[in-house]
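I set out to look up a few local features of this model and to note them in the order in which I checked them.

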Amino acid sequence: MERSEELNKDLNPFTPLVGIRIPDHAFMQDLAQMFGGPLALTSANLSSQSSSLNVEEFQDLWPHLSLIIDGGPIGDGQSPECRLGSTVVDLSVPGKFGIIRPGCALESTSAILREYGLLPSHGSCW
């Protein structure tokens, strides 16, 4: 979505857009609710690598991190879809959506967006 003026410009410095995660994980939902505002987070893996499903899988990054919270494993670990990472959706055009990156929630996310009347952007096959 379009970044507001209040958000730090160092978040996504090469685009006027900002991503918003809506986690389907009880621990992260509880953590966000306790803070009462947005949290700036990143994935626990290097770009283009498979998503980490538990803290041991990204031990090589630990020395570069200020804080690590083990909220338990993500997904069942057996399903290849768990490793796809987040589904990233472009909602910057009112009434439309585009899939920037298909991920583990592609089908359910697309269905919900359509249920609320959003249409796929031109050229989007989702």
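I first fixed the cut-offs for this predicted model: I call a residue buried under 20% relative accessible area, exposed over 50%, and partly exposed in between. Leucine 91 has 31% relative accessibility, and therefore I entered this residue as partly exposed.

I then looked up where leucine 91 sits, and found its place in the loop between strand 1 and strand 2. On the surface, Leu91 joins Met1, Ile20 and Ile22 in a nonpolar patch, for which I noted about 420 Å² of accessible area together.

Next I turned to the strands around that loop. Strand 1 (residues 88-90) pairs with strand 2 (residues 96-101) in the antiparallel sense, over three bridges, and I traced aspartate 90 to its bridge partner, glycine 98 in strand 2. The hairpin has five residues between the strands, and there I noted that glycine 95 takes a positive phi near 80 degrees.

Which sense does the pairing of strand 2 with strand 3 take? I found it parallel, over two bridges, with strand 3 spanning residues 119-120, and I saw lysine 96 opposite leucine 119 of strand 3. Following the chain, I recorded that strand 2, helix 2 (residues 106-115) and strand 3 make a right-handed β-α-β unit.

Last, I checked helix 2 for burial, and listed Leu106, Thr109, Ser110 and Leu113 as buried. Seen down the axis of helix 2, these buried residues fall within an arc of 95 degrees, so I noted that they line one face of the helix. On the face turned away from the buried side of helix 2, I found the exposed residues Glu107 and Glu115.

Note on methods. Residues are numbered from 1 along each chain as its sequence is written. This is a predicted model: local features need pLDDT of at least 70, side-chain atom pairs count only at pLDDT 80 or more; totals for chains, interfaces and linings use all residues. Side-chain values use heavy atoms; hydrogens and water are left out. Two strands pair if DSSP finds at least two bridges between them. Helices (H or I, at least four residues) and strands (E, at least two) are DSSP runs, numbered from the N terminus. A crossover is right-handed if, with the strands pointing away from the viewer, the path from the first strand over the helix to the second runs clockwise. Patches are made of residues with over 30% relative accessible area and no salt bridge: like charges are joined within 9 Å, nonpolar side chains (Val, Leu, Ile, Met, Phe, Trp, Tyr) within 5 Å. Accessible areas come from the Shrake-Rupley method with a 1.4 Å probe; for residues, only the protein chains shown count as cover. A salt bridge is a side-chain nitrogen of Lys or Arg within 4 Å of a carboxyl oxygen of Asp or Glu. Buried means under 20% relative accessible area, exposed over 50%, partly exposed in between (1.4 Å probe, protein chains only). The arc is that of the directions from the helix axis to the C-beta atoms.
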